[in-house]
Amino acid sequence: MKLAVALPLALVAALAFGALPLLTDSNYLVGVALSALIFTVAAAALNLVYGFTGLLSFAQLGFWGIGGYATALTVMTFGGNFWMGVVYAGLINAAVALVIGFPILRTNRHAFVIATLTFALLVALIARDWVSLTRGPLGIPNLPAPQAFGIVFDTTAKFYWIAWAFSLVMLGFLHALCSSRIGRTMVAIKQNEPLVRAQGISPMPYKLASFAISAAITGMAGGVFTFNLRVIDPLFLDFYYMQTFLIIVIIGGAGSFWGVVVAGIALSALPEVLRFSADFRMIIYGVILVVAMFIMPTGVAGWLHERQIARMRQALQ
Amino acid sequence: MTIDAVYLLQLTLNGIALGLLYALIAVGLSLIFGVMEIINFAHGELLMLGAFAMCFALPVMGLLYWPAMAVAILATMLVGFVVYELLLARLKPDEFERSILITLGLSIIIIHVMQYIFTATPRMVDSQYGFDGVEIGSIRITWTRVIGAGSALVAFGGLYLMLRYTQFGRAMRAIAQNRDAALMVGIRPRIVARNAVILAAGLCGLAGAAISPIQLVTPYMGQFMIFKAFALVIIGGLGNIPGAVAAAIGLGLIESWIGGFFEIAWQEAAVFVIMIAVLFLRPDGLFKRGGMRVG
């Protein structure tokens with residue numbers, strides 16, 4: 001998409017989303033939009049590692065959980081407030097990502113996938129078993145509503161503004177990053193790593209940076225989502241979240257920023273539309289995943305791009 | 001401290017029995033990775049299907065252990081065949097990430113279809129051996145564990161002989177070692193890959209059937225096992241079958257010892273901590289990959 005078209009469109013969409021609580025009284029609708037925004041941010045962060053840098057990372061789920069717990073614990077155990085909690089969530093995740101990212105990224109891409117998956121499972125186990133810190137399966141209920149400038153964000157509609165502002169900042173940052181020279185280098189690493197090395201660029205710092213940045217953003221998104229739920233327990237690390245992020249990235253088109261954003265908004269509404277039963281919904285998710293991998297492995301954005309190229313070829317002939 | 005020695009020996013034997021079952025799963029994963037360079041995320045679901053098959057076949061067979069196990073193995077091999085023909089055969093050799101996402105989707109579908117049909121209620125499986133055990137001195141091990149470990153050993157023996165001495169096994173090793181050269185001498189990768197998937201599925205079915213009288217059978221049982229098996233194939237070195245077996249038995253022992261002496265929480269976490277430590281020290285796994293040599 002051309003910038004001249006994309007930017008006004010994005011602004012209009014952002015304002016429309018911002019105005020949503022004014023347009024409707026339905027808490028349900030605002031709640032759905034709220035999750036859509038948060039999931040889109042988490043999916044866009046996954047897109048940074050997987051779509052741009054080409055590293056299929058399941059660790060996102062772990063970062064999501066660490067972020068949620070870090071934010072909740074900052075408030076409930078360490079006496080901080082929500083805003084500090086979200087910042088800590090980002091910092092802790094970035095630090096964890098750097099520490100585990102270095103050894104994992106030294107391995108080949110096969111081992112990377114499994115090692116990141118293992119990390120996510122380890123985080124889930126810690127959340128369940130380190131009872132003195134996380135209170136185990138009971139979780140931490142009754143998280144207080146965040147406050148700022150004398151406003152208490154205690155209703156869904158008010159909390160929605162936080163999620164809205166957060167997602168705008170994060171998506172804006174990710175867009176700036178992805179369209180910068182750094183973003184292009186990441187794509188180059190995904191497409192041809194030996195060539196990147198031959199150009200005198202060391203891939204490691206870029207991979208590590210994309211892993212850590214996406215970890216920080218995923219963690220902050222997890223922190224905000226926790227306070228939307230008002231409770232955190234080990235179910236926050238359910239594999240369901242990872243599957244949702246993955247499906248958004250794949251349907252949208254890995255490596256396409258706007259594709260993933262649009263898919264994030266559209267697909268987050270999907271579980272609400274598919275309100276049959278949890279099992280049936282998951283079966284449909286699975287089918288979507290398998291079918292999408294076969295008929296359009298590059299997602300909707302990739303499919304549109306291919307059609308555009310085909311049309312240009314035809315015009316040339 | 002004689003009691004401690006007996007306790008330790010008991011834990012060790014249990015650990016070996018557990019490790020052999022892990023090894024069955026990990027070997028299947030390694031075999032498929034060696035031949036196709038893909039990771040089968042739905043491998044744990046094959047194990048779960050094997051356990052369910054055992055669970056339903058046993059009452060029909062009048063609680064006879066061996067025929068029910070044969071049914072379970074055949075059922076999972078059939079599933080492996082269908083999965084290969086429908087999904088995996090369409091993958092090209094260098095589509096690792098795509099293979100993961102496709103088999104992940106498949107795993108989601110199988111788990112939730114099973115849960116939809118049979119509900120998530122855990123099932124106890126009773127066999128002709130019940131909870132009888134064999135007693136050596138003051139050590140007691142249930143027959144189902146002994147048989148599970150024994151059939152795993154027989155399966156490894158069979159696998160070794162097959163990979164070493166049959167045309168079928170040699171073709172698999174050839175593809176794993178050098179795909180292009182194997183193509184040049186007329187080996188058909190599609191057939192070999194299909195055989196490898198069926199074989200791995202059968203091993204998984206055996207593991208599922210052997211586990212079902214020991215553990216509760218639920219649609220989620222495969223997920224716990226498979227995540228451990230993933231870590232094991234990394235520790236052993238991807239595609240390295242003896243490495244995977246060694247890592248699996250080692251893990252069975254470590255888990256059993258930890259379970260006996262420390263808090264239970266550490267038991268589950270051990271494999272993941274070990275894996276991260278191994279990746280720090282040896283990024284290619286403890287045993288470097290050398291084709292698919294067995295023995």
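Here is a short walk through this predicted model, from the contact between two chains to one helix and then one residue.

Let's start where chains A and B meet. Chain B brings 31 residues to the contact, and chain A brings 33. On chain B's side, the elements giving two or more residues are α4 (96-118), α9 (221-236) and α11 (264-281). Of these, α4(B) gives the most, with 15 residues. As for the chemistry of that side of chain B, it splits into 24 nonpolar residues, three polar and four charged.

Now hop over to chain A and look at helix α2, which runs over residues 27-52. Its 26 residues reach 36 Å from the first C-alpha to the last, close to the 38 Å expected at 1.5 Å a residue. Still, α2(A) has a kink of about 30 degrees, and L46(A) sits at its centre. Most of this helix is covered, with 20 of the 26 residues in α2(A) buried. Follow the chain just past the end of α2(A) and you'll meet G54(A), which takes a positive phi of about 80 degrees.

Last stop: back to chain B, and to Q10(B), a residue of helix α1 (residues 2-36). Is Q10(B) buried or exposed? Neither, quite: it counts as partly exposed because 17 other C-beta atoms lie within 10 Å, whereas being buried would take 20 or more and being exposed 12 or fewer. Look across from there to S138(B), which is 128 residues away from Q10(B) along the chain. In space, the C-alpha atoms of Q10(B) and S138(B) are separated by 9.1 Å.

Conventions. Residues numbered from 1 in each chain as written. Chains lettered and ligands numbered in written order. Predicted model: local features only at pLDDT ≥ 70, side-chain atom pairs only at ≥ 80, totals over all residues. Contact = placed C-beta atoms within 7 Å. Helix = DSSP H or I, 4+ residues; strand = E, 2+ residues; numbered from the N terminus. Nonpolar A, V, L, I, M, F, W, Y, C, P; charged D, E, K, R; others polar. Expected span 1.5 Å × (residues − 1). Bend = angle between axes of the 7 residues up to and from the residue.
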